[in-house]
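Biologist: I should like to learn how to read the surroundings of a ligand in a model. Where would you begin?

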Amino acid sequence: MEEQTKIINQTIQDTVIGNKKIRTINPPIHNGSTILFESYTDLMLANKGEYSGLTYGTDRMVAQRAFEEALCDLEKGYICRAFQSGISAISHALLACTKAGDHILICDNVYWPTSNFCNKILTKFGIEISYAPADVGKNIGDYLRDNTVLIFMESPGSNSFEIQDIEPIVETAQDRNIITMMDASWATPLYHKPLELGIDVSIQSVTKYIAGHSDILMGAVTVNNKYGDLFADYYKTCEIYTSPSDCYTSLKGLKTLKVRMTQHEQSALGIAQWLEKHPLVDKVIHPALSSHPQHNRWKKYFRGASGLFGFTLKEEPDSESLARFMDNLQLFGIGYSWGGFKSLITAGKYHRSNGSDYDNKTIIRLNIGLEDCSDLQQDIEKAFYQLN
Ligand SMILES: *Cc1c(COP(=O)(O)O)cnc(C)c1O
């Protein structure tokens with residue numbers, strides 16, 4: 001069955017009232033904390049860890065399990081676990097798989113809070129952190145140490161959109177028994193399936209496209225059969241709790257993901273192609289354009305593109321003209337995060353160790369939402385007049 005059809009037709013565990021099943025299309029939202037036992041005997045079984053039912057709010061309620069199951073299927077994973085946010089998913093995935101004395105190699109285009117967590121928190125526990133170039137590939141061995149246990153990738157990377165060469169990285173990692181993780185939020189599991197490419201752990205900021213409406217924060221970690229049991233045990237040990245209503249919202253998002261992604265992809269590509277020909281624009285940084293430095297990797301490892309990309313201007317703008325440009329946009333909100341129905345804009349400079357074309361240039365990042373594409377284009381064109 002096609003992926004989206006399968007998610008829409010997911011079987012939800014029945015609730016029974018008056019001997020009749022309540023068969024809603026969406027899962028029930030059971031809030032924690034207490035779940036009553038039917039008897040003392042059941043309580044005793046729970047005390048011994050032998051009770052088969054749910055015992056407490058942290059046992060992952062029905063809506064959470066339904067979300068995790070649907071995402072796990074889409075990711076072709078062995079287990080999936082939900083988290084309160086994307087960055088919580090990332091930090092727990094890293095903690096679950098490392099110990100004092102280990103070394104983690106991180107691609108240097110990762111989401112800034114990811115590297116911040118590693119530099120500030122993991123180092124406190126005696127874990128070594130170092131960085132590989134954003135476009136690392138078969139040269140991955142140059143960056144590994146004897147104690148490297150984990151390689152953390154993000155493709156395309158935050159703000160600068162580089163793509164790692166996954167195949168040789170996975171090959172090297174498997175040879176040396178190193179765990180590989182991918183922050184795969186940009187493409188969603190519809191367009192990129194890290195586990196199918198041999199990566200061990202796929203991480204989603206569900207906040208973005210999966211939830212899709214900029215109204216919740218959530219994250220997810222999907223793991224293959226090699227590390228799945230270890231990770232499930234870690235999750236249980238930490239007694240992680242994810243809001244049932246956020247899980248419900250995210251599952252609802254999964255059910256409309258394909259139709260939204262199709263539109264995001266089409267609109268963003270249209271605007272990217274238009275910008276690429278625009279006289280004020282220098283580079284458009286969009287993996288699906290043949291001008292992207294790792295366009296061939298995108299073709300090899302991805303099935304589609306999302307609605308988030310960047311561009312630089314021929315003439316580096318001073319802060320006043322950039323402010324005029326951004327403030328004059330009517331349809332683009334100035335704000336963090338992406339993946340929702342509303343178009344958003346941010347701008348910044350990002351240093352990458354491989355000295356990319358965009359080093360020290362302002363990258364303007366667009367999150368193309370679900371508005372009419374020509375309305376968005378006109379909005380940008382009008383605001384461009386402010387740059388002169
Ligand atoms: C936003 C983002 C995250 C973190 O997600 P939150 O749910 O906002 O914590 C992680 N990775 C990438 C690439 C992101 O853009």
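Modeller: One begins with the place of the ligand. In this predicted model, the ligand sits in the largest pocket.

Biologist: How many residues surround the ligand, and which are the closest?

Modeller: The shell is read as a list of residues. Here the ligand is surrounded by 14 residues, and Gly86, Asp183, Ser205, Thr207 and Lys208 are the closest. Sorted by class, six residues of the shell are nonpolar, five are polar and three are charged.

Biologist: Which polar atoms of the protein lie within 3.5 Å of polar atoms of the ligand?

Modeller: One looks for pairs of N or O atoms within that cut-off. Among them, a polar side-chain atom of Asp183 is 2.6 Å from a nitrogen atom of the ligand. A polar backbone atom of Ile87 lies 2.9 Å from a ligand oxygen atom, and a polar side-chain atom of Trp338 is 3.2 Å from an oxygen atom of the ligand.

Biologist: How much of the ligand does the protein bury?

Modeller: One takes the area of the ligand alone and asks what part the protein covers. The ligand taken alone exposes 380 Å², of which the protein buries 92%.

Biologist: Which element gives the most residues to the shell?

Modeller: Helix H4 does, with three residues. This helix spans residues 86-96.

Biologist: Is helix H4 mostly covered or mostly open?

Modeller: One counts residues with under 20% relative accessible area as buried. Helix H4 is mostly covered, with nine of its 11 residues buried. Among them are Gly86, Ser88, Ile90, His92 and Leu94.

Terms used:
Residues numbered from 1 in each chain as written. Predicted model: local features only at pLDDT ≥ 70, side-chain atom pairs only at ≥ 80, totals over all residues. Heavy atoms only, no water. Buried < 20%, exposed > 50% of the residue type's maximum accessible area, 1.4 Å probe, protein only. Helix = DSSP H or I, 4+ residues; strand = E, 2+ residues; numbered from the N terminus. Near = heavy atom within 4 Å. Polar contact = N/O pair within 3.5 Å; in protein donor to acceptor, adjacent residues only side chain to side chain. Areas by Shrake-Rupley, 256 points an atom, 1.4 Å probe, with all protein chains shown as cover. 1 Å grid on protein atoms, 1.4 Å probe; cavity = no way out; pocket = protein on both sides within 12 Å on 5 of 7 lines; lining within 4 Å. Sits in = over half its atoms within 2 Å of the grid points. Nonpolar A, V, L, I, M, F, W, Y, C, P; charged D, E, K, R; others polar.
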